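Visitor: I have just opened this one and would like a walk through how it is put together. Could we take it piece by piece?

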Amino acid sequence: MTNIAETLTAYSSLITATAALIGVVYAAFLARLMLRQLERNRELTQSTQNREFYSHYDNLRLNLERQIADLHLELTKSAKQFDNVNHLILDGQKRLTTFSPEVINPSSFLNSLSVSPDTLKLDRNMVFVLTPFHPSEHRTYSAIVESLSRYGIRVVRGDEEAATGDILSHILREMLSARLVIANISTRNSNVMYELGIAHALGKDVVMIANSEVDLPFDVNSRRILFYKDHEELVEKLQNELARKVFQKS
C-alpha cells in the first residue's frame with residue numbers, strides 16, 4: 001500500500017509539474033503574441049503618423065513653392081526686373097538667332113560666347129563656386145573658402161574678378177579653367193541651376209552642396225551632394241570629403 005501511495009504521489013507531482021510547465025509555456029506564448037500585436041500596433045500607429053506628417057509636409061512644401069513662385073513673379077514684374085533676376089539665362093539665350101533641326105555641336109554654344117577651351121589652361125589648385133550673390137549666402141561661401149584655402153586651394157566665384165564683356169563668358173572661362181566646380185543649390189537660384197546644367201554638359205567635375213533641410217529637385221537629387229546643417233559641418237565635410245580625398249592625392 002505504501003508503494004502504491006508513493007507512486008500515486010509521484011505521478012501527482014509529475015502531473016502538477018507538467019501542468020505548471022505547460023502553463024508557463026502557454027503564458028510565454030501568450031506574452032509573445034501580445035508583444036507581437038503591440039509591435040504591430042506601434043508600427044501601424046507610426047505608419048499612420050508618418051503618412052500624416054508627409055501629407056502635412058507635402059502641403060507645406062507646395063504652399064512654400066507657391067509663395068516662392070509668387071515672390072518670383074513679384075520680382076520680375078517689369079522687363080528690367082526680369083533681366084536682373086535672370087541675367088545669366090538671358091545672356092545664354094540672346095546669342096541664339098536661328099533654329100536648326102539638326103543635332104547641334106556642343107562647342108557651338110561656347111563659340112557663340114567667344115569662349116575657346118583650347119586657349120584656356122587648367123588650374124589644378126582652383127575651385128570655381130556657383131552660388132547666389134545675395135548676402136544671405138555669404139556665410140556659405142566663406143565656409144567653402146575657409147575649408148579649402150588651408151590646403152592651398154584658390155576659391156573663386158563669378159563676381160570677384162573684373163570681367164569685360166558678358167559676365168556669362170567670364171563665368172564659363174573660369175569654370176573651364178577650374179579643377180573642380182562647387183554648386184550651392186540650397187536656394188534653387190535660377191542662375192545657379194542654369195550654370196550647374198552648363199557645368200554638367202561640359203563634363204566638369206561638380207560637387208553640389210545643400211542645406212540638409214531643403215527639398216531638392218528630382219533631377220539633381222540623385223547626384224553626389226554634400227548636405228550640411230551649419231557653417232561648421234560644411235567646413236568639416238568639405239575638408240574630409242573633398243580637400244583630403246581629391247586635392248591631396250593630385
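Visitor: In what order do the strands of the open sheet come?

Guide: In this predicted model, 5 strands (DSSP E runs of at least two residues, numbered from the N terminus) form an open sheet in the order β2-β1-β3-β4-β5, with parallel pairing; two strands pair if DSSP finds at least two bridges between them. Residues are numbered from 1 along each chain as its sequence is written. Local features need pLDDT of at least 70, and side-chain atom pairs count only at pLDDT 80 or more, while side-chain values use heavy atoms, leaving out hydrogens and water.

Visitor: And which strands stand at the edges?

Guide: Those are β2 (154-157) and β5 (225-228), each with a single partner strand, so one side of each has no neighbour in the sheet.

Visitor: Over how many bridges do β1 and β3 pair?

Guide: Strand β1 (residues 123-130) and strand β3 (residues 178-184) pair in the parallel sense over 5 bridges, and Val127 has Leu180 in β3 as its bridge partner.

Visitor: Which strands does helix α6 touch?

Guide: Helix α6 (residues 167-177) packs on the sheet and touches β1, β2 and β3, where contact means heavy atoms within 4.5 Å.

Visitor: Which residues of α7 does α6 meet?

Guide: Leu168, Ile171, Leu172 and Met175 in α6 meet Tyr194, Glu195, Ile198 and Ala199 in α7.

Visitor: Changing topic, what sits over the ring of Tyr141?

Guide: The charged end of Arg157 does, 4.5 Å from the ring centre; the cut-offs are NZ of Lys or CZ of Arg within 6 Å of the ring centre and within 35 degrees of the ring normal.

Definitions and conventions: Helix = DSSP H or I, 4+ residues; strand = E, 2+ residues; numbered from the N terminus. Axes fitted to C-alpha atoms, helices over the stretch in contact; angles between N-to-C directions.
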